[in-house]
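Colleague: Got a minute to walk me through this one? I'd like to know what stands behind each label you use.

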2 protein chains.
Amino acid sequence: MTAPAAIALDIRLRLLAERGDDAAALVVPDVVLGSPREAADLAAFAAGCDVVTFDHELVDAAALAALEAAGRTIRPGAATVAVAQDKALQRARFAAAGLPIPPFRLLEAPAAAGLVAFGEAHGWPVVAKASRGGYDGRGVWILDGPAAAGDLVAGLTGAGEASPLLAEAWVPLTRELAVLVARRPGGETAVYPVVETVQRDGICRELRVPAPLPPALAATAADLGRRAAAAVGVVGILALELFLVGEGDGGRLVVNEIAARPHNSGHWTIEGAATSQFEQHLRAVLDWPLGSTDLRAPAVATINLLGPADGSDPRSRLRAALAVSGAHLHLYGKAARPGRKLGHATALGATAEEARGRAIAAAAALVGNGAGEGTA
Amino acid sequence: MTAPAAIALDIRLRLLAERGDDAAALVVPDVVLGSPREAADLAAFAAGCDVVTFDHELVDAAALAALEAAGRTIRPGAATVAVAQDKALQRARFAAAGLPIPPFRLLEAPAAAGLVAFGEAHGWPVVAKASRGGYDGRGVWILDGPAAAGDLVAGLTGAGEASPLLAEAWVPLTRELAVLVARRPGGETAVYPVVETVQRDGICRELRVPAPLPPALAATAADLGRRAAAAVGVVGILALELFLVGEGDGGRLVVNEIAARPHNSGHWTIEGAATSQFEQHLRAVLDWPLGSTDLRAPAVATINLLGPADGSDPRSRLRAALAVSGAHLHLYGKAARPGRKLGHATALGATAEEARGRAIAAAAALVGNGAGEGTA
């Protein structure tokens with residue numbers, strides 16, 4: 001989705017792809033085959049680029065640091081990428097910056113005793129998280145007591161998993177939110193309206209923009225976004241995921257985690273904001289003036305399309321979805337698998353209900369039924 | 001500009017390009033080198049495509065007809081392309097369909113006597129047009145009397161130019177307008193709001209959407225668009241250029257000419273309409289449901305960027321233009337030459353003045369001064 005933004009501004013993209021049939025390689029002409037986890041591949045790739053940036057975080061941060069030391073321009077920088085890859089580093093950084101986070105403790109290796117001690121100190125349930133590598137709900141476990149803690153550690157140890165574990169107090173959240181911030185090298189930021197992200201099974205299903213929040217809370221969320229962006233020194237787009245506890249004017253916000261790249265919670269911006277997150281990311285990493293983050297309609301809704309349980313390909317139902325007037329469809333060019341994010345549908349409306357109704361109708365047509373996977 | 005629309009819907013484009021550094025070849029990975037004026041190149045290219053379509057008209061229509069006879073799917077079809085390439089064929093077709101056109105006569109070869117006879121019958125000035133190959137004001141001459149007619153024919157004959165010439169009555173136009181119509185193979189159409197096109201020296205400089213017309217005239221323009229699309233049997237986007245004579249409720253419309261492809265007069269749709277003309281063209285030629293043509297704001301303005309007279313490249317001033325909030329920039333990846341269309345700037349607004357002000361500010365920044373080439 002970065003490619004269309006680059007085309008409009010005549011920015012020449014060079015893509016580092018692991019395979020020639022990666023989805024991005026199907027739409028970018030200038031492809032270098034290699035792995036973002038191999039220092040040599042990264043070095044050879046970076047040598048031909050004015051600026052290196054990312055649309056995922058599975059990159060070797062140490063190799064990026066070496067490239068920076070050699071004078072390459074990496075945005076976001078290696079230090080930011082390292083923090084974004086590690087939930088324990090995020091907690092430490094945000095604690096130091098005074099951002100509201102839940103009580104946490106880092107266990108250097110999975111240990112039932114450490115989880116139990118944390119639960120006894122902060123109450124159950126305890127949320128255990130792999131500090132690195134989690135995605136779409138994987139690597140996060142909610143433990144309701146000592147027995148569950150023992151089972152988790154036994155399972156991880158049995159699988160040979162010795163990575164650090166983060167123990168956190170469970171947050172009694174009422175909604176999940178996200179704030180998208182773009183930041184230039186000099187520190188200038190632009191913040192998008194706060195989004196409500198509707199999750200199921202740890203996977204984001206739906207975006208509602210603007211999030212239904214009192215103005216003071218929305219302003220606080222934007223402020224947290226700016227502070228988080230500064231705390232990790234991001235250049236480019238940062239998505240800050242937040243928990244809302246309580247509702248209305250009595251609500252409070254708790255920082256969950258970040259992504260330092262264009263993010264699923266910002267896909268609504270392609271049609272819904274004056275500047276898409278992809279164009280904004282390019283502007284930021286090129287140190288160009290940031291664009292307006294204004295909404296283009298009173299309400300925007302985005303529904304993620306997950307691969308249907310029957311394994312069928314939503315593309316086979318594209319005609320029916322295109323017949324839904326006012327819905328904007330995006331298909332990612334990936335092979336269909338049940339539960340895989342294959343695309344999204346966005347709609348604008350005069351009201352949240354109108355926008356959501358259109359987006360859901362289009363998504364339901366693509367996944368084959370109104371109550372299937374990928375619709376709310 | 002078709003590539004971003006194709007990316008969103010996971011449509012795999014294959015491009016026939018004359019050179020590997022053509023602007024389109026820089027953004028489409030699957031490029032076949034060849035000439036659209038060579039039957040063999042077209043045939044080899046078409047063999048690998050489900051549907052063949054066009055973003056320009058410099059194609060060998062006879063070769064397309066042969067491909068259709070061989071079973072290839074060409075949209076728009078060879079017969080439509082042939083009419084779009086020839087102003088004399090357009091006049092004949094629209095006369096037969098009862099569309100409002102000026103008096104005209106086809107001169108099979110340039111002949112001063114024929115032009116003079118036409119001027120004596122219909123009055124001076126007479127508009128002489130090369131029936132084929134005109135573009136951006138080239139191939140159109142306004143003759144104020146017999147002497148000018150003699151000079152034109154002498155010049156054409158001296159240059160070895162023996163192509164047919166169309167003589168037309170001069171239309172005392174007050175505005176130029178364009179109607180964009182998308183048409184599917186079965187005849188279903190979608191019509192965009194009528195646009196005012198502001199021309200200077202035969203080159204479109206500016207689009208104003210919606211055109212300032214009484215509702216009845218706007219409805220008539222839309223109806224002419226549908227009738228013209230049906231008359232030439234287009235599949236895909238058709239741009240119908242119209243002259244407005246008079247103003248207000250006393251105004252009347254005269255058909256000028258067509259383009260059977262996404263057209264400069266529709267570039268505003270990328271941000272200004274619910275469905276861009278490029279996505280709409282793809283939908284139409286794939287026989288998919290057409291999208292909404294609704295405006296996304298009360299007013300939309302687009303300014304074409306012409307290469308500055310000093311030969312400088314507008315890209316060198318991109319940062320300044322990006323600082324204009326709410327303007328959407330498009331650069332075409334072409335080498336800068338004075339007067340060449342290098343891109344455009346679009347802005348939305350609550351009023352025509354607001355939209356136009358933003359678009360002009362961005363365009364002026366790109367071309368280097370507020371009163372330069374390419375701005376109004």
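Modeller: Sure. Start with strand β15 of chain A, residues 341–349: nine of its nine residues are buried, which makes the strand mostly covered. Keep in mind that this is a predicted model.

Colleague: What makes a residue "buried" here?

Modeller: A relative accessible area under 20%. Take A:Cys204: its value is 8%, so A:Cys204 counts as buried. B:Cys204 also comes out at 8%, so the label is buried there too.

Colleague: Back to β15(A). How do you know which strands pair with β15(A)?

Modeller: The rule asks for at least two bridges between two strands. Strand β13 of chain A (residues 299–306) has eight bridges to β15(A), so the two pair, and they run antiparallel. A:Ala299 stands opposite A:Gly349 there. Strand β14 of chain A (residues 327–331) has five bridges to β15(A), again antiparallel, so that is a pair as well. In that one, A:Ala327 faces A:Ala347.

Colleague: Now the sheet with the order β3-β6-β4-β5 in chain A. Why are β3 and β5 called edge strands?

Modeller: That sheet is open, with four strands and antiparallel pairing. β3 (104–107) and β5 (140–143) of chain A each have a single partner strand, so one side of each has no neighbour in the sheet. On average, neighbouring strands in this sheet are turned by 20° against each other, ignoring direction.

Colleague: And what joins β4 to β5 in chain A?

Modeller: Four bridges, in the antiparallel sense, between β4(A) (residues 126–130) and β5(A). The threshold is at least two, so they qualify as a pair. A:Lys129 has A:Val140 as its bridge partner in β5(A). Helix α7 of chain A (residues 146–158) lies across β4, β5 and β6 (165–169) of chain A, at about 150° to β5(A).

Colleague: Why do you call the relation between chains A and B a two-fold axis?

Modeller: Chain A superposes on chain B by a rotation of 180° with 0.0 Å of shift along the axis, at an RMSD of 0.0 Å. That is what a two-fold axis does, so the name fits. In chain A, A:Pro29 has the C-alpha nearest the axis, 2.0 Å from it.

Colleague: How do you know that the copies meet through the same surface?

Modeller: 100% of chain A's interface residues are also interface residues in chain B, so the same surface is used by both.

Colleague: Last one: how many disulfides are there over all chains?

Modeller: Zero. Cysteine sulfur atoms would have to lie within 2.5 Å to count as one.

Terms used
Residues numbered from 1 in each chain as written. Chains lettered and ligands numbered in written order. Predicted model: local features only at pLDDT ≥ 70, side-chain atom pairs only at ≥ 80, totals over all residues. Heavy atoms only, no water. Least-squares fit on C-alpha atoms with pLDDT ≥ 70 in both. Contact = heavy atoms within 4.5 Å. Buried < 20%, exposed > 50% of the residue type's maximum accessible area, 1.4 Å probe, protein only. Axes fitted to C-alpha atoms, helices over the stretch in contact; angles between N-to-C directions.
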